[in-house]
Amino acid sequence: MSSQNEKEHKIQQLGRAASVLSVLMYVSYIPQIMNNLEGNQGSPIQPFVAMINCTCWVIYGAMKKQKDWPLVIANLPGIFLGAMTFFTAI
């Protein structure tokens, strides 16, 4: 494997790992959503900002000439889970 191919392979692996970690980060909102629904409401600010941030990244990835699907897929759960966390916290 050439040096350039090795580098591209490592970048792909990093991208996959980062995508999985992004999804896990947003899935971690589920316990907060449950707490919010039980009346133990947390702050709505962080999930609101995460929702806006994820929306921007999804739009960016989808609008690029060559679509960046890993970026879109990694941030899509953040829109919905951030929104759910936000709305259950207010």
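Which residues are buried in α1? In this predicted model, the buried residues of helix α1 include Ser19, Ser22 and Tyr26. An α-helix has 3.6 residues a turn, so residues three or four places apart point the same way. The cover over the buried residues of α1 includes α2 (29-37), α3 (45-63) and α4 (69-89).

The overall fold was examined next. The protein has four helices and zero strands. From the N terminus, the order of elements is α-α-α-α. The radius of gyration is 16 Å, well over the 12 Å that the globule rule gives for 90 residues, so the protein is more spread out than a compact globule. The C-alpha trace spans about 55 × 25 × 15 Å along its principal axes.

Helix α1 covers residues 3-27. How far apart should the ends of this helix be, at 1.5 Å a residue? With 25 residues, helix α1 should span 36 Å. The end C-alpha atoms are 36 Å apart, so the expected span and the model agree.

Burial and contacts were then considered for the whole chain. Of the 90 residues in the protein, 27% are buried. Contacts between residues at least 6 apart in sequence were also counted. Among these contacts, 69% join residues at least 24 apart.

The surface and the charges complete this overview. The protein exposes about 6300 Å². Carbon and sulfur atoms supply 69% of that area. There are 6 positive and 4 negative charges in the protein. The mean positions of these two sets are 11 Å apart.

Two single residues were examined in detail. Pro31 lies in helix α2. Is Pro31 buried, partly exposed or exposed? The relative accessible area of Pro31 is 47%. Buried means under 20% and exposed means over 50%, with partly exposed in between. Pro31 is therefore partly exposed. Along the chain, Pro31 and Thr85 are 54 residues apart. In space, the C-alpha atoms of Pro31 and Thr85 are separated by 9.4 Å.

Asp68 sits in the loop between α3 and α4. The relative accessibility of Asp68 is 25%, so Asp68 counts as partly exposed. Asp68 and Val58 are ten residues apart along the chain. The C-alpha atoms of Asp68 and Val58 are separated by 8.9 Å.

Conventions. Residues are numbered from 1 along each chain as its sequence is written. This is a predicted model: local features need pLDDT of at least 70, side-chain atom pairs count only at pLDDT 80 or more; totals for chains, interfaces and linings use all residues. Side-chain values use heavy atoms; hydrogens and water are left out. Helices (H or I, at least four residues) and strands (E, at least two) are DSSP runs, numbered from the N terminus. The radius of gyration is taken over C-alpha atoms; the globule rule is 2.2 Å times the number of residues to the power 0.38. Buried means under 20% relative accessible area, exposed over 50%, partly exposed in between (1.4 Å probe, protein chains only). Contact means heavy atoms within 4.5 Å. Accessible areas come from the Shrake-Rupley method with a 1.4 Å probe; for residues, only the protein chains shown count as cover. Lys and Arg count as positive and Asp and Glu as negative; His and the chain ends are not counted. The place of a charge is taken as NZ of Lys, CZ of Arg, CG of Asp or CD of Glu. The expected span of a helix is 1.5 Å times one less than its number of residues.
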